[in-house]
Amino acid sequence: MIEELTNEENIFVDIEVSNFEELVEMIAQPLLENNDVTVDFPKQVIQRERVFPTGLPTQPIGVAIPHTNPEFVYNNKVTIATLNAPIQMEIMGGMDEDTVEVSIVFLLALGESNKQLNILQKLMGILNQEEILKALKNGSKKEIFAFAKNELNL
C-alpha cells in the first residue's frame with residue numbers, strides 16, 4: 001500500500017497569518033484532528049524553528065520547510081500552505097539577523113528520518129525552479145494537490 005503523504009485537507013491556499021506561530025497552529029489542525037501527530041507537535045515545530053530555522057531565500061518566492069523530531073509524529077504527512085502576505089522567517093543556516101519573506105510553507109510531519117531526507121531531496125529538486133514556485137504560489141487547492149501527487153509523489 002502506498003502511503004498518502006498529503007491530501008486536500010492538508011493544503012491551505014492564500015491564508016492570512018501574521019507570524020510563524022499562528023501559521024503552524026492553523027495548518028497543524030488537520031494533523032491533530034486526524035491523530036497524525038501528538039498534541040505537542042505544533043509547539044515542538046515552533047520551538048525547533050527558533051533553534052534551527054528553515055527559511056529558504058528561493059527566488060522569486062521564499063519557502064520554509066518547518067518540521068520537528070519523529071517522536072511527535074504518528075502518521076507521515078506533508079502539509080502545504082501558500083500565504084496571502086509573506087511572513088518573516090530566519091534563513092536556514094544563516095545568522096540571526098538574516099531573514100527571508102516566506103510565502104510557501106511545506107510543514108513536514110515525518111516519523112522516519114530516511115523519509116524526511118527523501119522528501120527534502122524531492123523539495124530541493126523543485127525549489128530552484130522559478131516557474132514551479134510561481135505556479136504553487138498562485139495555484140488552487142486542486143492544482144497544488146495535483147502537483148504534490150504528480151511531481152513530488154506525496
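Colleague: Is Ser103 buried or exposed in this predicted model?

Modeller: Let's start with where Ser103 sits: strand β5, a strand being a DSSP run of E with at least two residues, numbered from the N terminus. Residues are numbered from 1 along each chain as its sequence is written. The model is predicted, so local features need pLDDT of at least 70 and side-chain atom pairs count only at pLDDT 80 or more, while totals for chains, interfaces and linings use all residues, and side-chain values use heavy atoms, without hydrogens or water. Buried means under 20% relative accessible area, exposed over 50%, partly exposed in between (1.4 Å probe, protein chains only), and because Ser103 has 8% relative accessibility, the verdict is buried.

Colleague: Which strand does β4 pair with in the antiparallel sense?

Modeller: Pairing takes at least two bridges found by DSSP between two strands. β1 and β4 pair over 3 bridges, but in the parallel sense. The antiparallel pairing of β4 has 10 bridges, and the partner is β5.

Colleague: And which residue in β5 does Thr82 stand opposite?

Modeller: On the β1 side, Ile11 stands opposite Ile80 in β4. For Thr82, the residue opposite in β5 is Ile104.

Colleague: Which element gives the most to the largest nonpolar core?

Modeller: A nonpolar core is a set of buried Ala, Val, Leu, Ile, Met, Phe, Trp, Tyr and Cys residues joined through side-chain atoms within 4.5 Å. The largest one has 26 residues, with Ile15, Phe20, Leu23, Ile27, Phe41 and Ile87 having the most contacts inside it. Among the elements supplying at least two residues each are β1, β4 and β5. With 5 residues, the top contributor is β5.

Technical notes: Helices (H or I, at least four residues) and strands (E, at least two) are DSSP runs, numbered from the N terminus.
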